[in-house]
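I have a fresh notebook page and a structure to browse. Here is what I looked up, in the order I went through it.

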Amino acid sequence: MHKNLKIDSGALTLALSHALDLAEPRLANHQERVAFIVWRMGLTGKLQDKKIRNYFVAALYHDIGAFSLKEKRALLNFEFGNVDLHCVRGYNLLKNTFWLTKTAEIVKHHHKSWEWWKKESRDLIDEIVLGAQLICLADYVDRLIDRKTCILQQKKHITDEILSLTGKEFHKYVVDLFIENAKQEDFWLTLRSEWLTRLLLTDGPLRKEEMNIEVLLPVSELFRDAIDFRSRFTATHSAGVAIAASSIGEIMGLSEIDRELLEISGNLHDIGKFAIPDKLLEKKGKLNEIEKEILKSHVFYTFSILNSVKGLEKVTQWAGFHHEKLNGTGYPFHLKEDNIDTGARIVMIADIFTALIEERPYRKKLVKNEVKKILNDMVNRGEIDDKIVKLLLSNYEYVFDKVTEAQKKAIHRFEKQFA
Ligand SMILES: [Fe+2]
Ligand SMILES: [Fe+2]
Ligand SMILES: [Fe+2]
């Protein structure tokens, strides 16, 4: 594998969007449905392909800033007490990725009413205003849908409610685009279809796009922060694991591409934590047995999310096996050493090392001697790789300093914009 590694960009974008909606069953596929509505309205309005594509991506990530389950549920129930919080957080996350700066602007304004835009003297010709209004309406429609009743019985009252908000919440042009679609049964049936994700994948605006590693790395950094910043206790974790893994790779003399893939794997190794309620991540004191099982399931979700993307095979294994053990006592696959390659072994050790030198709700940071003892005990039990641990311990200060430096930067980003 080398620099021209090609990743299925559509599959990755959809998988990441899907991950963001995992925490709440009622929310499942919410962003995908909003993206579908936006796509359809864009086609009806005969917008340029590029514009439709960009609005589609913005729709897939529009709630990336809703960190807690409480916040997600409130939005779903039209409780808009602090609606700006998730918009601004989403903006802060996205704006650091250079090709997503417009997406960031759209996400920041996706709950702004047409009346608000008028007061700002901004019109629909402005691509940010149009994108934000399309998502605003699509999001509203999806929240009106009652998942327990037949969708065809609901189309009339949903259409009436949207019409009643014309000129207030939504510009008339945007409402017209919706009404054109709302006349068609297939529009409603697709919104409830089991094949929605597959349809977006094969026919959607991202269907032919590919991504290379230069683009994947910043995307993994964006999602690293989206995962870590959900809780103060994890705010710097993935940043630490990523640099620890790539530093170990460097000491071992691995190729540049593998070191980058190690960094990406570190950034994404806990992406399955989107499926875990934030309350559990923040819990002080011991978890009970059920809570432990739920927490452990995050790595299964990490594997599943990444496994759906062509071109990400190494990252899927390296990130998705980080809780396996060489002697088969790990989870969720209970793999044995033959099936755990060097990259996965490195991420495994980078994760343990980083966790030990971090503070946790239930304990303080550990010092070198304690870290050394824990790692050596794990080697003696046959859980982790002997050679890699030896290398790490003989370069302890080097890796420790790298991790500390990356985590300082992460905590700075967190405190400045998300705390
Ligand atoms: Fe939202
Ligand atoms: Fe939403
Ligand atoms: Fe983990």
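**Entry 1: a loop residue to start.** I began at N29, which sits in the loop between helix 1 and helix 2 (30-44). A reminder to myself before going on: this is a predicted model. I checked the backbone of N29 and found phi near 65 degrees, a positive value in a residue other than glycine. Is N29 buried or exposed? I counted 19 other C-beta atoms within 10 Å, so N29 is partly exposed; the buried class asks for 20 or more.

**Entry 2: another positive phi.** I then went to F78, in the loop between helix 4 (69-76) and helix 5. F78 is not a glycine, yet its phi is positive, at about 60 degrees. I noted 10 other C-beta atoms within 10 Å of F78, so this residue is exposed; the exposed class covers counts of 12 or fewer.

**Entry 3: a cis peptide.** Which residues does a cis peptide bond join? I found Y331 and P332, with omega about 5 degrees. I placed P332 in the loop between helix 19 (313-320) and helix 20 (342-356).

**Entry 4: domains.** I pulled up the domain assignment, and it gives domain 1 (7-210) and domain 2 (212-417). I read off 33 Å between the two domain centres, taken over C-alpha atoms. Their contact takes 19 residues from domain 1 and 21 residues from domain 2. I looked at which elements build the domain 1 side: strand 1 (7-8), helix 1 (9-20) and helix 5 (83-94) each supply at least two residues. Helix 1 gives the most to that side, with seven residues. Sorted by class, the side of domain 1 that touches domain 2 has 14 nonpolar, four polar and one charged residues.

**Entry 5: the core.** How many residues does the largest nonpolar core have? I got 113, and the residues with the most contacts inside it are V38, F56, A59, I135, L137 and I349. Helix 8 (residues 127-144) gives the most to this core, with ten residues. I also noted that this core draws at least three residues from each of domain 1 (7-210) and domain 2 (212-417). I picked F56 for a look at its surroundings: leaving out residues up to four places away in sequence, F56 touches A35, V38, W39, G204, P205 and L206.

**Entry 6: a helix pair.** Helix 8 came up in the core, so I followed it to its packing with helix 9 (residues 155-164). The angle is about 140 degrees and the axes are 10 Å apart. I recorded the crossing of helix 8 past helix 9 as right-handed. From helix 8, L137, Y140, V141 and L144 meet I158, E161 and I162 of helix 9. The residues of this contact divide into six nonpolar, no polar and one charged.

**Entry 7: I388.** My last stop was I388, found in helix 22 (residues 386-394). I388 has 20 other C-beta atoms within 10 Å, and is therefore buried. Setting aside neighbours within four places in sequence, I listed its contacts as I248, R345, I346 and I349. One of these, I349, is also among the residues with the most contacts inside the largest nonpolar core. I checked M252 too: its C-alpha atom is 8.3 Å from that of I388, although the two are 136 residues apart along the chain.

How values were computed
Residues numbered from 1 in each chain as written. Chains lettered and ligands numbered in written order. Predicted model: local features only at pLDDT ≥ 70, side-chain atom pairs only at ≥ 80, totals over all residues. Helix = DSSP H or I, 4+ residues; strand = E, 2+ residues; numbered from the N terminus. Contact = placed C-beta atoms within 7 Å. Domains from an automatic or database assignment. Nonpolar A, V, L, I, M, F, W, Y, C, P; charged D, E, K, R; others polar. Core = buried A, V, L, I, M, F, W, Y, C linked by C-beta atoms within 7 Å. Axes fitted to C-alpha atoms, helices over the stretch in contact; angles between N-to-C directions. Left-handed = near helix turned anticlockwise from the far one by under 90°.
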